[in-house]
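This report looks at how one protein chain is packed, beginning with a single helix and moving outward to the interior around it. Please keep the sequence and the structure in view while reading.

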Amino acid sequence: MTATPTVLFVCVHNAGRSQMAAGYLQHLAGDRIEVLSAGSEPKDRINPVAIDAMAEEGIDIAANTPKLLTVDAVRESDVVITMGCGDACPIFPGKRYEDWELDDPAGRGIDDVRRIRDDIRDRVETLLSELLG
């Protein structure tokens, strides 16, 4: 792993789960980890309920834009966290892959999205401790 590890969060639309996870990791790790997120079929904007749920935590993801997953993004990453994108992610030897089973916040109310957000926060905190000790 490089001196500053790179973590890529991937979900289908890059509008909810992966954006929340990236927001948490960026917030908690600062410049100690490079954080990327992408989607296999990105939406045109971030889920507004996910934006609201993260704002409650003091994390602003409103300016982020869903991005298309590229082979280069995976190649450049040390850790690839997928969230329901199945086989859309290219696999490279020597990378750490994890699949986080999380409900999709699309079309859900704030209470459901808060539960998903809190699950993501717990997983990101665990990942951070594993990467930085």
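## Helix H1 and the interior

Helix H1 is mostly covered, with 10 of its 13 residues buried. The model is a predicted one, and the protein chain averages a pLDDT of 93, with 95% of the residues scoring at least 70. Among the elements of the protein chain, helix H3 (residues 71–76) has the lowest mean pLDDT, 91, whereas H2 has the highest, 98.

The buried residues of H1 include the run Arg17, Ser18, Gln19, Met20, Ala21, Ala22, Gly23, Tyr24 and Leu25, and Ala29 is buried as well. Against which elements do the buried residues of H1 pack? They pack against strands E1, E2 (34–39) and E3, and against helices H2 and H4. From its first C-alpha to its last, H1 reaches 18 Å, close to the 18 Å expected at 1.5 Å a residue. Just after H1, Gly30 takes a positive phi of about 60°.

Leu25 of H1 also belongs to the largest nonpolar core, which has 30 residues, and is listed with Val7, Phe9, Trp100 and Leu127 as having the most contacts inside that core. The elements in the table each supply at least two residues of this core.

| Element | Residue range |
|---|---|
| Strand E1 | residues 6–11 |
| Helix H1 | residues 17–29 |
| Helix H2 | residues 48–55 |
| Strand E3 | residues 79–83 |
| Helix H4 | residues 110–132 |

The largest share of the core, 7 residues, comes from H4. Apart from this core lies another, of 7 residues, among them Leu8, Ala38, Leu69 and Ala73.

Val7 illustrates how the interior is joined. Leaving aside its neighbours within four places in sequence, Val7 is in contact with Leu25, Ile33, Glu34, Val35, Leu36, Val79, Ile81, Leu127 and Leu131. Two of these partners, Leu25 and Leu127, are themselves named among the residues with the most contacts inside the largest core.

## The aromatic pair

A search of the whole structure finds 1 aromatic pair. The pair is formed by Phe9 and Trp100 and is tilted, with 5.8 Å from centre to centre and 55° between the planes. Phe9 lies in strand E1, while Trp100 lies in the loop between strand E4 (96–99) and H4, so the pair ties together parts that are 91 residues apart in sequence. Both Phe9 and Trp100 are buried, and both are named among the residues with the most contacts inside the largest nonpolar core.

Technical notes
Residues are numbered from 1 along each chain as its sequence is written. This is a predicted model: local features need pLDDT of at least 70, side-chain atom pairs count only at pLDDT 80 or more; totals for chains, interfaces and linings use all residues. Side-chain values use heavy atoms; hydrogens and water are left out. A nonpolar core is a set of buried Ala, Val, Leu, Ile, Met, Phe, Trp, Tyr and Cys residues joined through side-chain atoms within 4.5 Å. Buried means under 20% relative accessible area, exposed over 50%, partly exposed in between (1.4 Å probe, protein chains only). Helices (H or I, at least four residues) and strands (E, at least two) are DSSP runs, numbered from the N terminus. Contact means heavy atoms within 4.5 Å. pLDDT is the predictor's confidence in each residue, from 0 to 100. Rings of Phe, Tyr and Trp (its six-membered ring) pair if their centres lie within 6.5 Å; planes under 30 degrees apart count as stacked, over 60 as edge-to-face and the rest as tilted. The expected span of a helix is 1.5 Å times one less than its number of residues.
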